[in-house]
Amino acid sequence: MILARPHPSNRGFTLLELLVVVAIIGLLAAYVGPKYFSQIGKSEQALAKAQIESFTKALAAYRIDVGAFPSTEEGLAALTQKPAGAAAGKWQGPYLTKAVPADPWGRPYIYRVPGAKNDYDLLSYGKDGQPGGTGDAADITSD
């Protein structure tokens, strides 16, 4: 009597082969993961810079119409809704098509009049939400 051997194509993977594949996937994830997340941080900073630039242009248009920048109390909301203190007929807004969004980290932008160096300060404290910092935590300002 002759015993039939199983076809090699019916064989499954051995545990060792599966462990090797899992180890390779783990190494790739360890290599690619940090690079991917650093790109996310860079894109958040780029978004914050673009939004601040947009607000800066809207603030310039506001100043041309009204004659002064919005006060700290009026804030950036003055770019979308006429402030109570604005002279009749001067405010020609809205200067932004949408409400002022939070920064990419979910916190409101900081707007102060007068500014430390310029007529106003417009900034985001970055990922950490604290003044100063480097990398993802660096402040993004209008200067």
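A nonpolar core is a set of buried Ala, Val, Leu, Ile, Met, Phe, Trp, Tyr and Cys residues joined through side-chain atoms within 4.5 Å. Keep that in mind as you work through these exercises on a predicted model.

**Exercise 1. The core**

Find which residues of the largest nonpolar core touch the most other members, and which element gives the largest share of this core.

*Solution.* Start with the core itself, which has 20 residues. Leu 59, Leu 76, Leu 79 and Leu 122 touch the most other members. Helix 1, spanning residues 15-66, supplies the largest share of this core, with seven residues.

Now take Leu 59 and look around it. Leaving out residues up to four places away in sequence, Leu 59 touches Phe 69, Pro 70, Leu 76, Leu 79, Tyr 111, Tyr 120 and Leu 122. As a general background, nonpolar side chains in soluble globular proteins tend to be buried together.

**Exercise 2. Salt bridges**

Locate the salt bridges of the structure and decide for each partner whether it is buried, partly exposed or exposed.

*Solution.* There are three salt bridges to find. For the sorting, recall that buried means under 20% relative accessible area and exposed means over 50%, with partly exposed in between.

- Step 1: Lys 57 and Glu 53 meet through their side chains, at 3.5 Å from N to O. Both lie in helix 1, four residues apart, which is about one turn of the helix. Lys 57 has 57% relative accessibility, so it counts as exposed. Glu 53 has 47%, so it counts as partly exposed.
- Step 2: Asp 119 pairs with Arg 63, and their closest N and O atoms are 3.8 Å apart. This pair links distant parts of the chain, 56 residues apart: Arg 63 belongs to helix 1, while Asp 119 sits in the loop between strand 1 (110-112) and strand 2 (121-124). Asp 119 is partly exposed at 43%, and Arg 63 is partly exposed at 41%.
- Step 3: Asp 121 bridges to Arg 112, with the closest N and O atoms 3.5 Å apart. Asp 121 has a relative accessible area of 10%, so it is buried. Arg 112, at 33%, is partly exposed.

**Exercise 3. Aromatic pairs**

Work out how the rings of Phe 55 and Tyr 109 are arranged, then do the same for Tyr 111 and Tyr 120.

*Solution.* The whole structure holds five aromatic pairs. In the pair of Phe 55 and Tyr 109, the ring centres are 5.3 Å apart and the planes stand at 80 degrees, so the pair is edge-to-face. Phe 55 lies in helix 1 and Tyr 109 in the loop between helix 1 and strand 1, so the pair ties together parts that are 54 residues apart in sequence. Both Phe 55 and Tyr 109 are buried.

For Tyr 111 and Tyr 120, the centres are 5.9 Å apart and the planes are at 40 degrees, so this pair is tilted. Tyr 111 is buried at 7%, and Tyr 120 is buried at 9%. These two tyrosines also appear among the contacts of Leu 59.

To finish the aromatic tour, find the cluster formed by Tyr 62, Trp 91 and Tyr 95.

**Exercise 4. A patch on the surface**

Which residues make a nonpolar surface patch of about 390 Å²?

*Solution.* Look for Leu 16, Val 20, Ile 24 and Leu 28, which make this patch. Leu 28 is placed in helix 1. With 52% relative accessibility, Leu 28 counts as exposed.

Key
Residues are numbered from 1 along each chain as its sequence is written. This is a predicted model: local features need pLDDT of at least 70, side-chain atom pairs count only at pLDDT 80 or more; totals for chains, interfaces and linings use all residues. Side-chain values use heavy atoms; hydrogens and water are left out. Buried means under 20% relative accessible area, exposed over 50%, partly exposed in between (1.4 Å probe, protein chains only). Helices (H or I, at least four residues) and strands (E, at least two) are DSSP runs, numbered from the N terminus. Contact means heavy atoms within 4.5 Å. A salt bridge is a side-chain nitrogen of Lys or Arg within 4 Å of a carboxyl oxygen of Asp or Glu. Rings of Phe, Tyr and Trp (its six-membered ring) pair if their centres lie within 6.5 Å; planes under 30 degrees apart count as stacked, over 60 as edge-to-face and the rest as tilted. Patches are made of residues with over 30% relative accessible area and no salt bridge: like charges are joined within 9 Å, nonpolar side chains (Val, Leu, Ile, Met, Phe, Trp, Tyr) within 5 Å. Accessible areas come from the Shrake-Rupley method with a 1.4 Å probe; for residues, only the protein chains shown count as cover.
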